[in-house]
Amino acid sequence: MSSTWRLTDADWNSWPDGLSGPDHVRQTAALGLEGVELGVYDASVELAQDRLAALPSDVPVTDLLLSLTVERWPGGALSGDVDRLVAQVRACADVCRSLGLPVLGLWPGADPVGADVVEGARRVVEAAGDVRIALEYKPGTAVETAVDAVALCAQVPGLGVLLDTGHAYAAGEDPAQVVEVLGDLLLHCHLGDADLGGSDDDLPCGRLHDLSSFVAALDASGFRGTASFDLYGAVVAGLATGLEAVRESRDHVLSRRA
């Protein structure tokens, strides 16, 4: 079975190297990848019209990820300042629609373990309208595992899941099995590697685990979204440059694609 999903890169992999948006897009194209995911902290900054207009057309913008960090949301996001979050989600969703993107990624890093995020998630899904929200689970946050993510989706109609293979490994999960568990809830993927408990490792794909079974599961599922490399932790730790980490990961994944 041939792959139906697109392999892409995330711009934040190059942030530690000081690579600009336009230069990162050109690098992504040179690596033979099919698009770029933009990291967003504040829609008025990262998604400003002049920034988007400056991006070359070498590869398209395929995804947006709104990251809710503790530094920017000290009182929580889904469990805290929901009104401000709703405004951010609406602004990001507007850009998604303008670019023809059906999914908006959301990482609730500011919401700690045990926080009640159900009502906040409901409001976010409503604010996004016809743009689907893909919530990225991660150990150490309010949504730690795939089981937690599925349970939240059951309480919030319309919510979907962003599966990060590194986060799955850090949680002791098998990403291939997670693909099967999520089914139609799977809207987007991040690709990386990690040791058990190493949710911030963001190692290049294949360093510790072979992604063959995950790639096969993704192909078998008929997934038609995108899978972006998420290797920021390795790059910021100095284990590799963004280019080196993405190239290593690309080679590992492409050698396992149908």
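Which side chains meet in a salt bridge at 3.9 Å, N to O? They are those of Glu-34 and Arg-257.

## Basis of the description

The structure is a predicted model, in which local features need pLDDT of at least 70 and side-chain atom pairs count only at pLDDT 80 or more, while totals for chains, interfaces and linings use all residues. Residues are numbered from 1 along each chain as its sequence is written, and side-chain values use heavy atoms, with hydrogens and water left out.

## Salt bridges

The structure holds 11 salt bridges, a salt bridge being a side-chain nitrogen of Lys or Arg within 4 Å of a carboxyl oxygen of Asp or Glu. In the pair Glu-34 and Arg-257, Glu-34 lies in the loop between α1 (21–30) and β2 (36–40) and Arg-257 in the segment after α11 (242–254), so the bridge ties together parts that are 223 residues apart in sequence. Helices (H or I, at least four residues) and strands (E, at least two) are DSSP runs, numbered from the N terminus. Glu-34 is partly exposed at 35% relative accessibility, whereas Arg-257 is buried at 18%. Here buried means under 20% relative accessible area, exposed over 50%, and partly exposed in between (1.4 Å probe, protein chains only).

Arg-123 and Asp-83 form another salt bridge, at 2.7 Å, N to O. This pair links distant parts of the chain, with Arg-123 in helix α5 and Asp-83 in helix α4 (residues 82–99), 40 residues apart. Arg-123 is partly exposed at 30% relative accessibility, and Asp-83 is exposed at 53%. A further bridge joins the side chains of Asp-251 and Arg-250 at 2.9 Å, N to O. Asp-251 is partly exposed, with 41% relative accessibility; Arg-250 is buried, with 16%. Asp-94, Arg-97 and Asp-130 are joined into one network by salt bridges that share partners.

## A buried glutamate without a salt bridge

Glu-46 belongs to helix α2 (residues 43–46). Glu-46 is buried yet has no salt bridge, and the nearest side chain of opposite charge, that of Arg-51, is 4.9 Å away. For charge, Lys and Arg count as positive and Asp and Glu as negative; His and the chain ends are not counted.

The side chain of Glu-46 instead has backbone partners: the nitrogen of Tyr-41 at 3.1 Å and the nitrogen of Asp-42 at 2.8 Å. Such a polar contact is a pair of N or O atoms within 3.5 Å; within protein, one must be able to donate a hydrogen and the other to accept it, and residues adjacent in sequence count only if both atoms are side-chain atoms. Not counting residues up to four places away in sequence, Glu-46 touches Gly-39, Val-40, Tyr-41 and Arg-51, where contact means heavy atoms within 4.5 Å.

## Helix α8

In helix α8 (residues 175–182), the buried residues are Pro-175, Ala-176, Val-178, Val-179 and Leu-182. They cover an arc of only 160 degrees around the axis, which puts them on the same side of α8; the arc is that of the directions from the helix axis to the C-beta atoms. Glu-180 and Val-181 are exposed on the other side. The buried residues pack against α6 (146–155), β6 (160–164), α7 (165–170), β7 (186–191) and α9 (212–221).

Asp-174 caps the N-terminal end of α8, with a side-chain oxygen 2.9 Å from the backbone nitrogen of Ala-176. Gly-183 follows α8 and has a positive phi, near 55 degrees.

## Strand β7 and the loop after it

His-188 lies in strand β7 and is buried, with a relative accessible area of 2%. A polar atom of the His-188 side chain lies 2.8 Å from the backbone oxygen of Thr-226. Beyond its neighbours within four places in sequence, His-188 has contacts that include Glu-37, Asp-63, Ala-134 and Phe-223.

Asp-202 is in the loop between β7 and α9. Asp-202 is not a glycine, yet its phi is positive, about 50 degrees. Most residues other than glycine have a negative phi. Asp-202 is buried at 12% relative accessible area.

## Cysteines

The structure holds zero disulfides, a disulfide being a pair of cysteine sulfur atoms within 2.5 Å. Cys-96 is in no disulfide, and the nearest cysteine sulfur, that of Cys-92, is 6.9 Å away. The sulfur of Cys-205 is 11 Å from the closest cysteine sulfur, in Cys-189, too far for a bond. Cys-96 is buried, with a relative accessible area of 0%, and Cys-205 is buried, with 2%.
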